[in-house]
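Let's take a walk through this one together. Have the sequence and the 3D view open side by side, and we'll go from the overall picture down to individual side chains.

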Amino acid sequence: MAVKKVRMSAEGLANLEKELEYLITVRRAEVAQKLKEARGFGDLSENAEYDEAKNEQGILEARIQEMELTIANAIVVDESELSNDEIGVGSVVELEDLDMEEKMTLQIVGSTEADPENNKISDESPIGIAALKKKVGDVFEVEAPMGLIRMKVISISK
């Protein structure tokens, strides 16, 4: 199985590492304590608290493994290498929806940093994929659930 490299900012990597540290040092201890307490309730074959704690432990360990793999395969985007000439991961772009005549400002980020509520969209999202490598003045189309959206690149910054 090929391991996917994930592009992200230095800030995104630091946030991921901080969250991983929390899961390992704090959450693991909390879940271990829950397991210990649940064992004290007696027969494990009919112990719902124990089953729930074991399930929580499995989910936590899977998340830790996933985060460790992501961190190990992270490619940190050097912001000093970002161009204002072409859209790439890390770019802040102003786009105009040509059909709705609305402008929006978005940052193109790696998939682990996507946060649409804060206008950070993944380079793997429909808009992210369509916008990559575009220049100011370029018009591109995005296939969306509501149909085809035509967008124009107004500006690119870091």
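What share of the contacts in the protein chain with a separation of 6 or more comes from residues 24 or more positions apart? The figure is 52%. Keep in mind as we go that this is a predicted model.

Start with the parts list. The protein chain has three helices and seven strands, and reading from the N terminus they come in the order β-α-α-β-β-β-β-α-β-β. Now zoom out and look at the outline. Along the principal axes, the C-alpha atoms of the protein chain fill a box of roughly 70 × 35 × 30 Å. The radius of gyration is 21 Å, while a compact globule of 158 residues would have one near 15 Å. Buried residues account for 33% of the 158 in the protein chain. As for the outside, the accessible surface comes to about 10,000 Å², and carbon and sulfur atoms make up 51% of that.

For a feel of the distances involved, pick out Glu49, which sits in helix H2. Measure in your viewer from its C-alpha to that of Ala130 and you should get 48 Å, for two residues that are 81 apart in sequence. So who does Glu49 touch, once neighbours within four places in sequence are left aside? Its contacts are Ala38 and Phe41. Glu49 is partly exposed, as its relative accessible area is 45%, which falls between the 20% limit for buried and the 50% limit for exposed.

Next, find the sheet. Five strands make up an open sheet with mixed pairing, in the order S5-S4-S3-S7-S6. At the edges are strand S5 (120–122) and S6, and each of these pairs on one side only. If you compare the directions of neighbouring strands in this sheet, they are turned by 45 degrees against each other on average, direction ignored. As a general point, strands of a sheet pair through backbone hydrogen bonds, either parallel or antiparallel.

You can see both kinds of pairing here by following S4. On the S3 side, S3 and S4 run antiparallel and are joined by six bridges. Glu94 stands opposite Thr105 in S4, and Val92 has Gln107 in S4 as its bridge partner. These two strands form a hairpin with four residues between them, and in the turn you'll find Glu101 with a positive phi of about 55 degrees. On the S5 side, S4 and S5 run parallel, joined by three bridges. Gln107 turns up again here, with Lys120 in S5 as its bridge partner.

Now for the charged side chains. In general, side chains of opposite charge can pair when their charged atoms come close. How many salt bridges does the structure hold? There are nine. Let's visit a few of them.

In one of them, the side chains of Arg27 and Glu56 meet at 2.4 Å, N to O. This pair links distant parts of the chain, with Arg27 in helix H1 (residues 10–39) and Glu56 in helix H2 (residues 48–72), 29 residues apart. Is Glu56 buried or exposed? Glu56 is buried, because its relative accessible area is 18% and the limit is under 20%. The pair isn't on its own either: Arg27, Glu30, Lys34 and Glu56 are linked in a network of salt bridges.

Move on to Lys135, which forms a salt bridge with Glu86, the closest N and O atoms being 3.1 Å apart. Lys135 is in the loop between helix H3 (126–131) and strand S6 (139–144), and Glu86 is in the loop between strand S2 (74–76) and strand S3 (92–97), so this pair ties together parts 49 residues apart in sequence. Both ends count as partly exposed: Lys135 has 40% relative accessibility, and Glu86 has 28%.

One more stop takes us back to the sheet. Asp99 and Arg150 form a salt bridge, with their closest N and O atoms 3.5 Å apart. Asp99 lies in the loop between S3 and strand S4 (102–109) and Arg150 lies in strand S7 (residues 147–157), so the pair ties together parts that are 51 residues apart in sequence. Asp99 is partly exposed at 46% relative accessibility, and Arg150 is partly exposed at 34%.

Key: Residues are numbered from 1 along each chain as its sequence is written. This is a predicted model: local features need pLDDT of at least 70, side-chain atom pairs count only at pLDDT 80 or more; totals for chains, interfaces and linings use all residues. Side-chain values use heavy atoms; hydrogens and water are left out. A salt bridge is a side-chain nitrogen of Lys or Arg within 4 Å of a carboxyl oxygen of Asp or Glu. Buried means under 20% relative accessible area, exposed over 50%, partly exposed in between (1.4 Å probe, protein chains only). Two strands pair if DSSP finds at least two bridges between them. Axes are lines fitted to C-alpha atoms, for helices over the stretch in contact, and angles run from 0 to 180 degrees between N-to-C directions. The radius of gyration is taken over C-alpha atoms; the globule rule is 2.2 Å times the number of residues to the power 0.38. Contact means heavy atoms within 4.5 Å. Accessible areas come from the Shrake-Rupley method with a 1.4 Å probe; for residues, only the protein chains shown count as cover.
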